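Trainee: Could we go through how the labels on this model are earned? I would like to set each value against its definition.

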Amino acid sequence: MTPEILLALLAATVQAGTPILYATLGEILTEKGGILNLGVEGMMLVGALVGFLTALHTGSPVLAFVAGGLAGACMAALHGVVCIWFMGNQVVSGLALTIFGTGLAGFFGTPYIGRTAPGFDKFSLPVLGDLPGLGTIFFQQDALVYLSYIIPPLLWAFFRYTRWGMAVRAAGESPAATRAAGLNVLAYRWAALLGGGMLVGFGGSYLSLAYTHLWTNGLTSGRGWIAVALVIFAFWRPSRAMIGAYLFGGVMAFQLRLQAMGTALPSSILLMLPYVLTIAALAFSSWRSDRTQAPAALGVNMEPSE
């Protein structure tokens, strides 16, 4: 493998890992507030479709990206109605959200299969883009990739240094104590759920606006489930989520390159590589279960205060 091919593969790794990173950060924010959301796959698909249709009809990729995020937040709101208002089972609600989102995107997206829409193109950052090696990999990408570099440290600082971030963590760790301290637990859970849903929607819209620039049913190809697993693999830490997303993105980019090179391996074997890595990541996380640091009240419903 020549240096040029290796650099191109690593650059593709960053691009392939970006939608997973957005979705993983959104799920981390949601779970830090104590809400388990397994509907990430369906939310990403709806975000991807809404972003694509907005770009197609308005010609504005920025507006389309925001619309995709809002679509993800709306899907998350459905989960909140079931789990926060009516105290329904969070696992069942999340699975239903995935099924609903998949069907919704397939129903409304079928007429647009194969059509393209305006999106985000790659451009080189001044000075940084000229760095040997690193410039090609990290700084000759699109605007949404550059935005994804900023969100993990911001989310880390939010949880660690801001009052709101600490309140979200408290709502996920000990909601009863948080309520006793005079904080509105349900309000912070709603904020975490909707904010996380918007990030998940961003991940979906990235797929249709920057990664492919077109629509096809099943565009996420299981990335939502990978994001759910990656939250555990990253031990609920935004910085580790970034590393993990690029690891999974690298496997995806590698299997696509192998197929393009005409390898003798069956395509079905190559396609399952990211999901084999997902199983391995979950096994590793289970082995290191003493360090997972999952929120103590994750998945535990909280009754409204009187």
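Mentor: Gladly, and let us begin with a cut-off: a salt bridge needs a side-chain nitrogen of Lys or Arg within 4 Å of a carboxyl oxygen of Asp or Glu. Keep in mind that this is a predicted model.

Trainee: How do you know that Lys32 has no salt bridge?

Mentor: The nearest side chain of opposite charge, Glu173, is 5.7 Å away. The definition asks for within 4 Å, so the pair does not qualify. Lys32 is nevertheless buried; this residue of helix 1 (residues 3-32) has contacts that include Phe159, Val168, Trp236 and Pro295.

Trainee: Why is Gln141 called buried?

Mentor: Buried means under 20% relative accessible area, and Gln141 has 0%, so the label applies. Gln141 sits in the loop between helix 5 (134-138) and helix 6 (143-161). Beyond its neighbours within four places in sequence, its contacts include Ala11, Asp121, Phe123 and Tyr149.

Trainee: What makes the approach of the Gln141 side chain to the backbone oxygen of Ile137 a polar contact?

Mentor: The distance is 2.8 Å, and the cut-off is within 3.5 Å for a pair of N or O atoms, one able to donate a hydrogen and the other to accept it, so the pair counts.

Trainee: How do you know that the radius of gyration of the protein chain agrees with a compact globule?

Mentor: For 306 residues the globule rule gives a value near 19 Å, and the chain has 19 Å, so the two agree. The fold behind that value has 13 helices and 0 strands, and buried residues make up 49% of the chain.

Terms used. Residues numbered from 1 in each chain as written. Predicted model: local features only at pLDDT ≥ 70, side-chain atom pairs only at ≥ 80, totals over all residues. Heavy atoms only, no water. Helix = DSSP H or I, 4+ residues; strand = E, 2+ residues; numbered from the N terminus. Buried < 20%, exposed > 50% of the residue type's maximum accessible area, 1.4 Å probe, protein only. Contact = heavy atoms within 4.5 Å. Lys, Arg positive; Asp, Glu negative; His and termini not counted. Rg over C-alpha atoms; globule rule 2.2 N^0.38 Å.
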